Structures are given as C-alpha cells and as structure tokens.
Amino acid sequence: MVALPAKTRLGYSAGSFVTGAFGTVPGLLLLPYLTDTMAVPGAIAGAIVLVPKAWDVLFNPVAGRLSDASLNRRGSRRPFLLFGGLGVAVLFAAIFAHPGFGSTTLDAGYVVLAFFLCATAFAFFQVPYNALPAELTGNYHERTRLTSWRIGLLAIAILVSGGGAPEITNQVGGVTGYRVMGVVMGVIMILGTIAVYVGTRTAPVGNLRPPTPGWRDLLATMRQWRAFRWLLGVYFVQSLGLATLLAGVNYASRYVFGDADLQTFLFVGFVLPALVTMPLWPRIGARWGKLAGFRFACIAFGVACAGLCAALVVPVGVSFVFVALAGVGYAGIQVFPLAILPDLISAEEERTGATRAGVTAGVWTASETLGLALGPGLFGLVLSAGGYVSSVDASAAQPGSAVTAILLGFALLPGILVVAGLPLLRRSILEPR
C-alpha cells in the first residue's frame with residue numbers, strides 16, 4: 001500500500017497538541033491547584049480529579065457510537081474533531097479561572113463542574129481521533145510510522161505544555177498564574193484543533209461499513225475479542241502508572257529534589273529523550289516486531305523508575321539520568337499500543353463486516369481516561385497516607401513521612417504498574433493472523 005503523504009501524517013499528528021495539553025496539565029497541576037490554592041485535603045482533591053473523568057469512562061463508548069454513525073452518514077469524523085477540540089480549549093481555561101467564591105466547597109465544586117464539561121468535550125475529540133489510524137491506512141508498518149509521528153508531536157506538545165504550564169504559574173504566581181496558564185493552554189489547543197481539521201481534509205477514510213447495530217452486539221464482540229481485551233488491560237494499567245508519575249512531578253521537584261523550579265527541568269529531562277529517540281521505535285518495530293519493541297520499552301521504564309527510588313540519597317544529576325531513561329521507555333510505551341490497536345480493529349472489522357473503529361476507540365479512550373483519572377487520585381491517597389499537609393499558599397512544612405510517600409508515588413508505583421503489563425504482551429494473542 002502507498003505510504004501516506006507527509007502532510008497527512010503531520011495534519012493528523014497535530015491533534016496531539018489537544019490531547020497532549022489536556023492529558024498533561026490537569027495531571028500535573030490540578031492536584032496542587034486544589035491542595036495549595038484552595039486548601040482542599042489531598043484525598044478529596046484526588047477524588048475531585050477523578051469524578052469528571054469517571055463520567056467519561058461511561059460516556060466515551062457513546063461518543064464512539066455517535067462517531068461511527070456520523071462516519072457512515074457523512075463519510076467523515078472531522079466535525080467531531082472541530083467542535084470537540086474547540087470546546088475542550090474554552091472549558092480548559094474555565095477550569096483554572098478560580099472565581100474565588102470565598103468557600104473551599106464552592107470553589108472546589110466549580111472546578112468539578114468545569115472539569116466535567118471539559119472532559120465531555122474531550123471525549124468528542126479524542127474518540128474519533130483515536131479511530132482515524134485504522135481508516136487512514138491498512139498497512140502494518142505505515143501505521144507504526146503514523147503513530148510515531150503522532151507521538152513525536154505529542155512529545156513536543158507535552159514538552160510545551162508540561163514545561164510551559166508550570167513555568168507560567170511559577171513566574172506569574174498565585175491564582176493569577178493559574179488563570180493565565182489556562183488561557184495560554186486553551187490557545188494552544190485551538191491551534192491544534194484547527195491544524196488537525198484542515199490537515200485531514202483530503203485524507204482517506206477507508207471502507208465505509210455499517211455501524212454496530214446495538215449495545216448487545218457490541219458487548220458480544222468485546223466478550224469474544226480476547227486480543228483487544230488484553231491490550232486494553234495493559235494500556236489501562238500503564239496509563240495509571242504514567243498518570244501517577246505525572247501527578248508527582250510538582251511535589252517531587254519541591255520536596256524530593258528541593259527546588260520548585262526543577263519541575264520544568266524534570267519535564268524537559270523526561271520528554272526530550274522521548275522526542276529524540278522517537279524515530280528509533282518504528283525501526284525496532286519493523287525489525288523485531290511491535291510486541292518486542294513494546295516489551296523493551298516497558299523494561300527500560302521499569303529500570304528507570306527503580307533508579308529514581310534512590311533520589312533522596314544520590315546526586316540530582318544521577319536522578320536525571322534515570323529521568324531520561326524513563327522518557328526513552330515512555331516513547332515506546334506510547335507508540336506501540338496505538339500502533340497495534342488499528343491492526344486489531346481491521347482484523348475485527350473484516351471478521352464482523354461492521355464498523356468498529358469509533359466504538360472501539362471509545363472503549364479504549366474510556367480505559368485511558370480512567371487510568372489517567374485514577375493516577376492523581378492514587379497519588380492523593382499516597383499523600384494522605386504519608387501525612388501531607390495542605391495549605392492555601394504551598395508554605396506548609398512537610399513531615400519526613402510525606403516526603404517518602406511522594407518519592408514512592410512518583411517513582412516506585414509507576415514502575416510497578418508499567419512492568420505489570422509485561423505478562424499480557426503475548427504474541428499468540430495480540431498479533432492478528
């Protein structure tokens with residue numbers, strides 16, 4: 001099959017500026033935003049981060065069915081990308097607007113509502129976005145290349161949002177810093193939305209098949225579709241691990257490494273190696289297979305997290321070596337599941353004769369959303385177990401137990417969760433024949 005034009009790869013991949021900013025900044029800053037500007041206790045703050053995304057777990061499959069129906073009726077998923085992406089941008093800025101009602105309960109309730117609406121809009125963007133690779137190309141290796149372009153731009157988006165958002169909040173300071181950051185990230189999302197909408201204008205849409213008739217048929221398919229369930233399980237557990245690490249960056253920079261300004265450098269040290277090594281992963285996949293590359297990435301990430309557990313007793317420079325290794329592993333962990341998924345979708349669509357891309361992407365996105373939502377919640381529980389002291393200005397002194405808990409939540413837990421997926425990566429199940 002002919003390779004996709006570079007403009008199509010680039011246009012599709014530009015959507016990563018929406019997914020990257022939305023997936024990174026709330027996980028990085030929403031928990032400290034709640035605990036250190038609104039004095040919300042850690043466990044409650046973790047629940048606040050979880051609730052809106054828990055709704056998405058239920059709603060994403062619905063968005064997938066609507067996207068499949070739109071594809072069958074109009075021949076395109078692009079309207080979902082446009083309106084969903086614009087909605088995410090506006091509502092994301094609203095999350096960090098901090099109206100200041102003078103009540104912790106009211107302020108926290110406002111955040112829940114804004115995040116709830118933003119997560120709903122994100123479902124309408126991300127679900128069709130994840131469905132597109134199965135329709136843009138049917139070539140096994142071209143899907144890996146397309147995914148590597150997407151993850152490459154995702155790494156840039158994470159670098160910009162994950163490094164820029166904390167820098168804006170720190171430089172501006174206080175509640176105003178969060179407000180300015182929310183607007184800047186919203187503008188980035190708008191630009192990414194327009195780019196993917198325009199860039200995929202002439203892209204192919206694959207075979208137009210009828211959508212899944214009903215939920216009973218979908219559930220029957222999921223029960224029979226063992227390969228998808230296994231890959232989904234791996235992706236969920238690893239999303240949980242990555243979200244836990246992400247939630248801990250702000251706290252680790254302040255209390256483990258002793259300098260809040262290191263937060264940006266931690267992010268750059270993590271994402272830049274991922275970006276630099278991104279072109280290697282398609283080559284590894286082409287030579288040894290996608291599953292072998294996936295396994296190697298998991299092991300690299302696990303080794304890095306084990307090394308980071310010693311951050312309190314080794315020089316900062318040594319810890320940054322492990323941060324870089326974690327970034328290398330992260331790149332592969334992102335590329336290979338998303339490259340394997342279209343292969344599974346195509347095989348299932350051939351078997352059933354029905355469109356599966358949208359609704360499958362909905363289930364997939366629901367799993368990812370749940371993992372990303374539970375990560376900060378899990379880290380919040382770790383904070384509470386360690387006796388972390390919340391405040392309105394991040395000035396509270398922390399006991400040694402809280403610092404230890406931060407390190408375990410930032411390093412040990414993510415490593416365990418990512419490596420836990422290795423036993424499920426079995427060639428006999430995950431490679432369609």
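This report describes the fold, two helices, the salt bridges, a surface patch and selected buried residues of a predicted model.

## Overall architecture

The secondary structure of the chain consists of 17 helices and zero strands. The chain has 433 residues, of which 59% count as buried. Its exposed area is about 15,600 Å², and carbon and sulfur atoms supply 69% of that area.

Contacts across the sequence are described by a further value. Among contacts between residues at least 6 apart in sequence, 84% join residues at least 24 apart.

## Helix H11

Helix H11 covers residues 262-277. With 16 residues, H11 reaches 23 Å from its first C-alpha to its last, which is close to the 22 Å expected at 1.5 Å a residue. The buried residues of this helix include Leu 262, Gln 263, Thr 264, Leu 266, Phe 267 and Gly 269. Further along H11, Phe 270, Val 271, Pro 273, Ala 274 and Thr 277 are also among the buried residues.

Gln 263 lies in H11 and has a relative accessible area of 2%, so this residue counts as buried. The side chain of Gln 263 makes a polar contact with the side chain of Asn 250, at 3.0 Å. Residues up to four places away in sequence being left out, Gln 263 touches Leu 28, Leu 29, Pro 166, Val 249, Asn 250 and Ser 253. Asn 250 thus appears both as the polar partner of Gln 263 and in its list of contacts. Thr 277 also belongs to H11. Its relative accessibility is 15%, and because buried means under 20%, Thr 277 counts as buried. Apart from neighbours within four places in sequence, Thr 277 is in contact with Val 328 and Ala 331.

## Salt bridges

The structure holds two salt bridges. One of them joins Arg 254 to Asp 36, with the closest N and O atoms 3.1 Å apart. Arg 254 lies in helix H10 (residues 226-256) and Asp 36 in helix H2 (residues 16-37), so this pair ties together parts that are 218 residues apart in sequence. Both partners are buried: Arg 254 has a relative accessible area of 19%, and Asp 36 has a relative accessibility of 7%. The value for Arg 254 can be read against the cut-off, since buried means under 20% relative accessible area.

The salt bridge between Asp 343 and Lys 290 has its closest N and O atoms 2.7 Å apart. Asp 343 is placed in helix H14 (residues 316-352) and Lys 290 in helix H13 (residues 290-308), so the pair ties together parts that are 53 residues apart in sequence. Asp 343 and Lys 290 are both buried.

## Helix H8 and the nonpolar surface patch

A nonpolar patch on the surface is formed by Leu 86, Ile 190, Ile 194 and Val 198, which together have about 280 Å² of accessible area. Helix H8 (residues 174-199) provides the largest share of the patch, namely three residues. Leu 86 is located in helix H4 (residues 78-95). With a relative accessibility of 31%, Leu 86 counts as partly exposed.

The 26 residues of H8 should span 38 Å at 1.5 Å a residue, and the end C-alpha atoms are 38 Å apart, in agreement with that value. H8 also has buried residues, including Gly 177, Tyr 178, Met 181, Gly 182, Met 185 and Gly 186. Others in the buried set of H8 are Ile 188, Met 189, Gly 192, Thr 193 and Val 196.

## Buried residues in H2 and H14

Val 18 is found in helix H2 and is buried, at 0% relative accessibility. Val 18 and Leu 191 are 173 residues apart along the chain, and their C-alpha atoms are separated by 8.6 Å. Leaving aside neighbours within four places in sequence, Val 18 is in contact with Val 88, Phe 122, Phe 125, Met 189, Gly 192 and Thr 193. Met 189, Gly 192 and Thr 193 are themselves buried residues of H8.

Ala 326 has its place in helix H14 and is buried, with a relative accessible area of 1%. A distance of 9.0 Å separates the C-alpha atoms of Ala 326 and Val 271, which are 55 residues apart along the chain. Its contacts, neighbours within four places in sequence being left aside, are with Phe 270, Phe 301 and Ala 304. Phe 270 and Val 271 are among the buried residues of H11.

How values were computed. Residues are numbered from 1 along each chain as its sequence is written. This is a predicted model: local features need pLDDT of at least 70, side-chain atom pairs count only at pLDDT 80 or more; totals for chains, interfaces and linings use all residues. Side-chain values use heavy atoms; hydrogens and water are left out. Helices (H or I, at least four residues) and strands (E, at least two) are DSSP runs, numbered from the N terminus. Buried means under 20% relative accessible area, exposed over 50%, partly exposed in between (1.4 Å probe, protein chains only). A polar contact is a pair of N or O atoms within 3.5 Å; within protein, one must be able to donate a hydrogen and the other to accept it, and residues adjacent in sequence count only if both atoms are side-chain atoms. Contact means heavy atoms within 4.5 Å. The expected span of a helix is 1.5 Å times one less than its number of residues. A salt bridge is a side-chain nitrogen of Lys or Arg within 4 Å of a carboxyl oxygen of Asp or Glu. Patches are made of residues with over 30% relative accessible area and no salt bridge: like charges are joined within 9 Å, nonpolar side chains (Val, Leu, Ile, Met, Phe, Trp, Tyr) within 5 Å. Accessible areas come from the Shrake-Rupley method with a 1.4 Å probe; for residues, only the protein chains shown count as cover.
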